[in-house]
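Here is a brief report on one protein chain. Please keep the sequence and the model in view while reading.

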Amino acid sequence: MRVATFVLACGCGLAVRGQAQSSPSGVRLDEGRFTVVADRRDDRLARTLLREALTSDSFPGLPRPRARVLIAIAPDAARFREWIGPNAPEWGAAIAMPDEQRIVMQGSRSASDAGDPRVVLRHELAHLALHEFLGGLPPRWFDEGYASVAAREWDRDAAFETSIGLVWHVLPSRDLLDRGFSGGASQASFSYAIAHRVVAELEALDPANGLRNFFRSWKDTGSLEVGIRTAYGMTGAQFDRHWQGQLRRRYGALSLVASLALVAGLFGVLLGPLFVMRRRRDKRRLEVMRAADAASEAALHASALAALLAPSDPSEAGDSSVPPLYRPGGDGYSPV
Ligand SMILES: [Zn+2]
């Protein structure tokens, strides 16, 4: 996911570079403009990725790339970390080196968070294609947004990410967006999602030509601002208002729901102790009331028993009729 301009310090692919086809430990596949090198155990993955690269070798708005590309599939996480170097972020699933037209990605034994290797490869190839045409012109946010759009990475997770992100973050300007990629994984995820939306909105401004005229003007003048004006007939500031408005319209409602859920959660945290105290107090009251009821019932029972054993009219001694516990004119059962 990360674009690096530094030279890979270690020998990713170098160990197998120059091999005609394959060795007992590694495989090298050459076809079209692609070379894929991998561990023998990733042979199938290497062939799948090569086929994907060959069959979808065009990118939105760009002329068909011509530069040769080396795709190195790291056999394990340790080798991947070793090949991408110490400066790559922990959350990076793959790395593209435009200066060398080289991609390093994780093999079939990588963790699931490495993503779908076909999508990852498409993302990285888009970085290379963009740089082949525009060189170093694209800022980071455009680079990532474009690669994400080209790889069709937008899904429900991205929508959710954006909605949650909007709860916590103010929508950044395009310039500020760049800083998000060097933040933590959460900030970076939000930045990826926003960058995707910005580029997607730009592309949607011209349904017929998409990004083609924009890229051409940007390359000719070296100015992204001029590219936007020429291709879409609006200033950069107008475009900013447009994409921010679109984003709020699409994800603002979801963001509001998320906000309410968070507020409810916050109230839970703040009011929770008060609720527990109230429950404890009510419980104590209930116990006191039950004790009083029990005492009352016992007294009532004793009174009734006493009434049974001691008739109120001595002259009627021996009458075993049950005395009335209800006194007419009273307020119910004798309170005793
Ligand atoms: Zn990327």
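Is the crossing of α1 and α3 left-handed or right-handed? The crossing of α1 and α3 is right-handed. A crossing counts as right-handed if the near helix is turned clockwise from the far one by less than a right angle, and as left-handed if anticlockwise.

This is a predicted model: local features need pLDDT of at least 70, side-chain atom pairs count only at pLDDT 80 or more, and totals for chains, interfaces and linings use all residues. Residues are numbered from 1 along each chain as its sequence is written.

**Overview.** The chain has 10 helices and six strands. Both are DSSP runs numbered from the N terminus: helices are H or I with at least four residues, strands are E with at least two. Of the 336 residues in the chain, 29% are buried. Buried means 20 or more other C-beta atoms within 10 Å of the residue's own, exposed means 12 or fewer, and partly exposed lies in between, with C-beta atoms placed from the backbone.

**Helix pair.** Helix α1 spans residues 43-55 and helix α3 residues 117-134. Their axes come within 10 Å and cross at roughly 50°. That makes α1 oblique to α3. Angles under 35 degrees count as roughly parallel, over 145 as roughly antiparallel, 65 to 115 as roughly perpendicular and the rest as oblique. From α1, L45, L49, E52 and A53 meet P117, R118, L121 and L125 of α3. The contact divides into six nonpolar residues, no polar ones and two charged ones. Contact here means C-beta atoms, placed from the backbone, within 7 Å.

**Hairpin.** Strand β5 (residues 94-97) pairs with strand β6 (residues 102-106) in the antiparallel sense over four bridges. Strands pair if DSSP finds at least two bridges between them. A96 stands opposite I103 in β6. In a regular strand the side chains alternate between the two faces of the sheet. In β5, A94 and A96 point one way, I95 and M97 the other way, and all are buried. Four residues lie between the strands of the hairpin.

**Positive phi.** Most residues other than glycine have a negative phi. Two loop residues with a positive phi are set out here.

| Residue | Phi | Loop | Exposure | Other C-beta atoms within 10 Å |
|---|---|---|---|---|
| Q101 | about 50° | between β5 and β6 | partly exposed | 18 |
| R152 | about 50° | between α4 (140-150) and α5 (156-168) | exposed | 11 |

Q101 is not a glycine. Nor is R152 a glycine.

Terms used:
Axes fitted to C-alpha atoms, helices over the stretch in contact; angles between N-to-C directions. Contact = placed C-beta atoms within 7 Å. Nonpolar A, V, L, I, M, F, W, Y, C, P; charged D, E, K, R; others polar.
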